[in-house]
Amino acid sequence: MLDWLAAPDHTTARWIVQHLVALVYVIAFTVALAQFRPLIGERGLTPIPRFLARTTFRRHPSLFHLSYSDTIFRVVAGVGLLGALAALAGATDVLPLGAGIALWGLLWVLYLSIVTVGQVWYGFGWESLLLEAGFLVTFLGPADVAPPLPILVLLVWLLFRVEFGAGLIKMRGDPCWRDLTCLEFHHETQPLPGPTSRWFHHLPRPLHRVEVLANHVTQLVVPFLLFLPQPVASVAAAVVVVTQGWLVSSGNFAWLNFLTISLAFAAVDDAFLGRLPVPLPAPGPLPTWFAVVVLAVTVLMLALSVWPVLNMASGRQLMNAGITPVHLGNSYGAFGSVTREREEVVLEGTTDASGDDDAVWHEYDFRAKPGDPYRRPPQVAPYHHRLDWLMWFAPIAPRMARSWLPALLDRLLEADRPTLRLLRRDPFDGERPAWVRARLYRYRFTTRDERRATGAWWHRELIGDYLPARTLDRSSAAP
């Protein structure tokens, strides 16, 4: 009677989706543990306790409304990390069905609790994407139960929204997407370029146009093919995987591309994946109570899908937005507009008591964002350097940066160790500078001739001060 709910020909695909999502959870909780204290901890740039005092559980549901301390945060993120490692190791395939659902559900609740109080540091589309994917994976079941078809379809529907929403936001946004010229700028101006980004930037213009055209096909046409019978759906999923791999190779977008790849496998059947060495038992039928839960989740997600559909159909489409505080039923999209020039905020300090322009100023090096023109852009994805990403937004959205950048400068003046650990290099080796400042530079990739002559990856020129020099002595100011 319940046979129509089962998809026994997707057992390998389910295994891949579950393990990839578990791996992303591992990364996400690791990032939270490593970075929360200087960003959102009790003495963070935007402290969680201060945020909780201004909001409610209904607006931002989180376990931290019960109580918050940095120790409690470590426990929440630590339990999440251990649970994600257990899921990655296959614990949900050996646990009873109900216990497996509980483990996945716990990961979702713990990460939701972090995201909803993460403020600007967690305002990225891939946070909602992880929560929505993690919620659906909760109901995929273990290896000895047939994968539920409705959940697989919902995962494909989530992938459709990610890809088609991104395609629509581009076509409705910057004209360069329509005239196929956006990639003449994007590889250079994207948030965190990678080791190959300069090479991609210097590709011939006709190839840039081919890249953009291929992107449009992948995001505006291929998503519809994901719902067609096999093998068309599997081929469409393979196109998505290849395209996302191309994006991974050309830039750093945290775990966005890896999550998108994981969703694509939900559309692939075992005939397409049959050669993968994944020993799985023959799946049994869905227990009645589990089938009821699957149907309830399906009805819920279909109801929550109404708004994303209306948003995608609207001429005023919102990017990376949702209407639920639990980050389900979201609308996705990225890079509706592309900046033509790259501006970078560079932080500097000096031990000179005068703090004037004649003093010797030294730069703070970040782990991922451009700074030293002679340093090759690193590959950091799927790890997420949150401070580096927000530094990219600082020149674009100065008002947003004012909520945390002055506090960051104060932490540098204090030589705050948790803050300094977010950086690649402290020029003062843990000692306090007398003054710090933020300066604005214009960056561009060096040409091939410039690279051969100087060895530099970037050429930069000073625009001026972004924030004036400041010292811990508020009674004085730099001349």
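The exercises below concern backbone geometry, a disulfide and one helix residue in a predicted model.

**Exercise 1. Cis peptide bonds**

Find where Pro 231 and Pro 382 lie, and state the geometry of the peptide bond that leads into each.

Solution.
- Step 1. Start with the bond from Gln 230 to Pro 231: omega is near 5 degrees, and the bond is cis.
- Step 2. Place Pro 231 in the chain: this residue sits in the loop that runs between α12 (222-225) and α13 (232-250).
- Step 3. Turn to the bond from Ala 381 to Pro 382, which is also cis. Here omega is near 10 degrees.
- Step 4. Pro 382 belongs to the loop between β3 (365-366) and α18 (386-396).

**Exercise 2. Positive phi**

For Ala 254 and His 327, give phi, locate the residue, and decide whether the residue is buried or exposed.

Solution.
- Step 1. Ala 254 has a phi near 50 degrees, which is positive although the residue is not glycine.
- Step 2. The loop between α13 and α14 (256-264) holds Ala 254.
- Step 3. Buried means under 20% relative accessible area. Ala 254 has 2% relative accessibility, so Ala 254 is buried.
- Step 4. For His 327, phi is near 60 degrees, again a positive value in a residue other than glycine.
- Step 5. His 327 lies in the loop between α17 (306-313) and β1 (342-350).
- Step 6. The relative accessible area of His 327 is 19%, so His 327 counts as buried under the cut-off of 20%.

**Exercise 3. The disulfide**

Identify the cysteines joined by a disulfide, then give the handedness of the bond and the burial of both partners.

Solution.
- Step 1. A disulfide requires two cysteine sulfur atoms within 2.5 Å. Cys 176 and Cys 182 meet this rule, with an S to S distance of 1.6 Å.
- Step 2. The count of disulfides is one.
- Step 3. The torsion about the S-S bond of Cys 176 and Cys 182 is about 65 degrees, and therefore the disulfide is right-handed.
- Step 4. Cys 176 has a relative accessible area of 1% and is buried. Cys 182, at 0%, is buried as well.

**Exercise 4. A helix residue and its contacts**

Which element contains Asn 215, is Asn 215 buried or exposed, and which residues does Asn 215 touch beyond four places away in sequence?

Solution.
- Step 1. Asn 215 is part of helix α11 (residues 205-220).
- Step 2. The relative accessibility of Asn 215 is 14%, so the residue counts as buried.
- Step 3. Leaving out residues up to four places away in sequence, Asn 215 touches Lys 170 and Trp 177.

Technical notes: Residues are numbered from 1 along each chain as its sequence is written. This is a predicted model: local features need pLDDT of at least 70, side-chain atom pairs count only at pLDDT 80 or more; totals for chains, interfaces and linings use all residues. Side-chain values use heavy atoms; hydrogens and water are left out. Helices (H or I, at least four residues) and strands (E, at least two) are DSSP runs, numbered from the N terminus. Buried means under 20% relative accessible area, exposed over 50%, partly exposed in between (1.4 Å probe, protein chains only). Contact means heavy atoms within 4.5 Å.
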